[in-house]
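Welcome, and please open your viewer with the chain in cartoon view. We will go from the whole fold to single residues and then to the surface.

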Amino acid sequence: LQPGLAHMHDILWRVDLGWNMAHAAQVRLGYWGSYRTASVQTGPPDIAGADGVDSGLAFVARYDTRDTSSFATKGMSAQLEYFRSDESLGADREWQRVEAAARKAIPIRKNLMWVSLAGGTDLGDGLPGDRTFSLGGPRTLAGYQYDEVRVNSYLYADANFLWRLKEVSSIK
């Protein structure tokens, strides 16, 4: 399912209304649009039909209690995204997708474990080739190149154990 090299141009816009819940959570509902042109340079031609307009509704919910955004030593983060492209809202094509992910830092004595779970689905609609989920690279499926695998749905689980070899003081 390697998409090959594609040349894409996007014009994107989005308007959201949101609500911050305390310091750790946020929900947003919005209307979005995208004008995309794409041409395949190498690989299968399933992305070639990407020229057109997608627009519709978006919903995003986030929760984050990590102590830092990268290399967190405690807390968790989670996000849920729903996008729907609908002809009645100005799109050339109809599709929908849901994607969710959660990551938890678990201290184990002076060491650390990160546990992640992520997944996405097209809800049975069949996504256009340019809107499928992209996997591959160091964060998902490290044996593949970045965005090498494209799928209509996926489920991904990961656990990393970080063993502290030396106590290092922070630079201030």
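Here is the tour, one selection at a time.

**Before you start.** This is a predicted model, where local features need pLDDT of at least 70, side-chain atom pairs count only at pLDDT 80 or more, and totals for chains, interfaces and linings use all residues. Residues are numbered from 1 along each chain as its sequence is written, and side-chain values use heavy atoms, with hydrogens and water left out.

**Whole chain.** Colour by secondary structure: you should find nine strands and zero helices, where strands (E, at least two residues) and helices (H or I, at least four) are DSSP runs numbered from the N terminus. In sequence order the pattern reads β-β-β-β-β-β-β-β-β. Of the 172 residues, 31% are buried, meaning under 20% relative accessible area, with exposed being over 50% and partly exposed in between (1.4 Å probe, protein chains only). Contacts here are heavy atoms within 4.5 Å; among those between residues at least 6 apart in sequence, 54% join residues at least 24 apart.

**Select Val-60.** You are now in strand β3, residues 52-64. Is Val-60 buried or exposed? It is buried, because its relative accessible area is 2%. Show its neighbours: leaving aside residues up to four places away in sequence, Val-60 touches Arg-14, Gln-26, Val-27, Arg-28, Gln-79, Leu-80 and Glu-81. Draw a C-alpha to C-alpha distance from Val-60 to Arg-28 and you get 5.2 Å, although the two are 32 residues apart in sequence.

**Select Glu-148.** This residue sits in the loop between β7 (133-135) and β8 (149-151). Glu-148 counts as buried because its relative accessibility is 17%. Its C-alpha atom is 7.0 Å from that of Ser-134, 14 residues away along the chain.

**Select Glu-94.** Next comes the loop between β4 (75-85) and β5 (95-108), where Glu-94 lies. With 45% relative accessibility, Glu-94 counts as partly exposed. Add Glu-87, Asp-92 and Asp-125 to the selection, and together with Glu-94 you see a negative surface patch.

**Select Val-115.** Strand β6 (residues 111-121) holds this residue, which is partly exposed at 34% relative accessibility. Extend the selection to Ile-106, Ile-108, Phe-161, Trp-163 and Leu-165: with Val-115 they form a nonpolar surface patch of about 620 Å² accessible area together. Patch members have over 30% relative accessible area and no salt bridge; like charges are joined within 9 Å and nonpolar side chains (Val, Leu, Ile, Met, Phe, Trp, Tyr) within 5 Å. A salt bridge puts a side-chain nitrogen of Lys or Arg within 4 Å of a carboxyl oxygen of Asp or Glu.

Methods
Areas by Shrake-Rupley, 256 points an atom, 1.4 Å probe, with all protein chains shown as cover. Lys, Arg positive; Asp, Glu negative; His and termini not counted. Charge placed at Lys NZ, Arg CZ, Asp CG, Glu CD.
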